[in-house]
Amino acid sequence: MAHRWTNDLTRDDVTPKALYLNRRQWMAGAGAMLGAGALGGRARAQGDMELNSFEDITSYNNFYEFGTGKTDPSNYAHALTTSPWSIEIDGLVDNPGTYSFEDIVEGQTIEERIYRLRCVEAWSMVIPWHGFELADLLTRVGVQEGARFVAFETLVRPEEMPGQRRAILDWPYREGLRLDEAMNPLTILATGLYGEAMPNQNGAPIRLVVPWKYGFKSIKSIVRISLTEEQPEATWNMQNPREYGFYSNVNPNVDHPRWSQASERRVGGGLFSSRIPTRMFNGYEEEVAHMYEGMDLSEYF
Ligand SMILES: Nc1nc2c(c(=O)[nH]1)N[C@H]1C(S)=C(S)[C@@H](COP(=O)(O)O)O[C@H]1N2
Ligand SMILES: [Mo]
């Protein structure tokens, strides 16, 4: 998080993975993050911030538009056309409209964010995203008074997304955040990872990353962002409101009705997957707990 790429990177102009690793090693030399093992792709950092490999991150995915299996996205998402791409921004904004991907990233400082990702299914990874703060985009389009939530939608294109030919979920995949959550500096729109343009299976060309919430809030391949007064519909919450709350903040003290959320399996290296305790707000308590002061987190789960 300390490292800023102060240029206007686009997805056609990203650091190759090899260079990225050199940069990581350089940081290790500077005593910043890494120790031995960076070349193996799983760079050892302090405790639970050991990076998952590019292979882990791009071959074990949830992206139901391509099917419900963990390898369906890596098997089928290559067929997704991600250029041209545009995002409709509407609702309570000063400058509504259809923005091309290039418009959206233009002038943004693309920075690296190494975040834990905790799936509600109780597995997790550590991923070096790059992207920019959602707040920067919202400020640019002008949030109007009265806006209290931000709604997001994923592309619907069954010709390229085989999972959408079945009613696995009520398409389009939808998600939402409270405005203060959307404006929190931890919330990013990610355009890549490991110094490469976002792999299709991870939500190309642009997806949300909200690291203190269960992974399903981090909606992929976004085509619409709406500022609303009312709490928007959210796919998993609609599917099963008893199991998936609108907030879905990572919380080891509030179990899923069908399994414990007290610990998680850190994906990586098959046999070497290990179980670790889950942390309140996925370890981002200091940055986000203030937004939920006075709320009963077992009621607003
Ligand atoms: N559009 C869309 N976004 C989605 C999903 C999905 O099925 N469709 N799955 C979610 C879930 S459950 C998780 S855990 C994360 C996984 O992100 P990753 O595959 O990049 O690790 O994406 C989230 N975003
Ligand atoms: Mo998930």
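Helices (H or I, at least four residues) and strands (E, at least two) are DSSP runs, numbered from the N terminus. This is a predicted model, in which local features need pLDDT of at least 70, side-chain atom pairs count only at pLDDT 80 or more, and totals for chains, interfaces and linings use all residues. Residues are numbered from 1 along each chain as its sequence is written, chains are lettered from A and ligands numbered from 1 in the order in which they are written, and side-chain values use heavy atoms, with hydrogens and water left out.

**Exercise 1. Cis peptide bonds**

Task: Find where proline 84 and proline 172 lie, and state the omega of the peptide bond that leads into each.

Solution.
- Step 1. Proline 84 belongs to the loop between α3 (72–76) and β1. Its bond with serine 83 is cis, with omega about 0 degrees.
- Step 2. Proline 172 sits in the loop between β5 (149–154) and β6. The bond to it from tryptophan 171 is also cis, and omega is near -5 degrees.
- Step 3. For background, most peptide bonds are trans.

**Exercise 2. The open sheet**

Task: Give the strand order of the five-stranded open sheet and identify its edges.

Solution.
- Step 1. Two strands count as paired if DSSP finds at least two bridges between them.
- Step 2. The order is β2-β1-β10-β5-β6, with mixed pairing.
- Step 3. β2 (97–100) and β6 (174–178) each have a single partner strand, so one side of each has no neighbour in the sheet.
- Step 4. From one strand to the next the twist averages 20 degrees; here axes are lines fitted to C-alpha atoms, for helices over the stretch in contact, and angles run from 0 to 180 degrees between N-to-C directions.
- Step 5. At the β2 edge, strand β1 (residues 86–91) pairs with β2 in the antiparallel sense over four bridges. Within that pairing, isoleucine 89 has glycine 97 as its bridge partner.

**Exercise 3. Strand β7 and its partners**

Task: Which strands pair with β7, and over how many bridges?

Solution.
- Step 1. Strand β4 (residues 123–133) pairs with β7 in the antiparallel sense over five bridges; glutamate 133 is matched there with isoleucine 188.
- Step 2. Strand β9 (residues 207–209) is antiparallel to β7 over three bridges, and leucine 189 has leucine 208 as its bridge partner.
- Step 3. Strand β8 (residues 196–197) is antiparallel to β7 over two bridges, with glycine 192 bridged to alanine 197.
- Step 4. The hairpin of β7 and β8 has two residues between the strands, and tyrosine 194 takes a positive phi near 50 degrees in it.
- Step 5. For burial, the cut-offs are under 20% relative accessible area for buried, over 50% for exposed, and partly exposed in between (1.4 Å probe, protein chains only). Strand β7 (residues 188–193) has six of its six residues buried.

**Exercise 4. The nonpolar core and helix α5**

Task: Name the residues that touch the most other members of the largest nonpolar core, then locate the buried residues of α5.

Solution.
- Step 1. A nonpolar core is a set of buried Ala, Val, Leu, Ile, Met, Phe, Trp, Tyr and Cys residues joined through side-chain atoms within 4.5 Å.
- Step 2. The largest has 78 residues, and Ile89, Trp129, Phe152, Leu208 and Trp212 touch the most other members. β4 gives the most to this core, with six residues.
- Step 3. Helix α5 (residues 134–141) has Leu134, Ala135, Leu137, Leu138 and Val141 buried. These lie within an arc of 160 degrees seen down the axis of α5, so they line one face of the helix; the arc is that of the directions from the helix axis to the C-beta atoms.
- Step 4. Isoleucine 89 touches Leu137 and Val141, among others, not counting residues up to four places away in sequence. Contact means heavy atoms within 4.5 Å.

**Exercise 5. Arginine 116 and two positive phi values**

Task: Is arginine 116 buried or exposed, and which backbone oxygen lies 2.8 Å from its side chain?

Solution.
- Step 1. Arginine 116, in strand β3 (residues 111–118), is buried, with a relative accessible area of 7%.
- Step 2. The oxygen is that of asparagine 282, at 2.8 Å from a polar atom of the arginine 116 side chain.
- Step 3. Phenylalanine 281 lies in the loop between β12 (274–277) and α8 (285–288). Phenylalanine 281 has a positive phi of about 50 degrees although it is not a glycine, and is buried at 3% relative accessible area.
- Step 4. Alanine 122, in the loop between β3 and β4, has a positive phi of about 80 degrees and is buried at 7%.

Terms used
A polar contact is a pair of N or O atoms within 3.5 Å; within protein, one must be able to donate a hydrogen and the other to accept it, and residues adjacent in sequence count only if both atoms are side-chain atoms.
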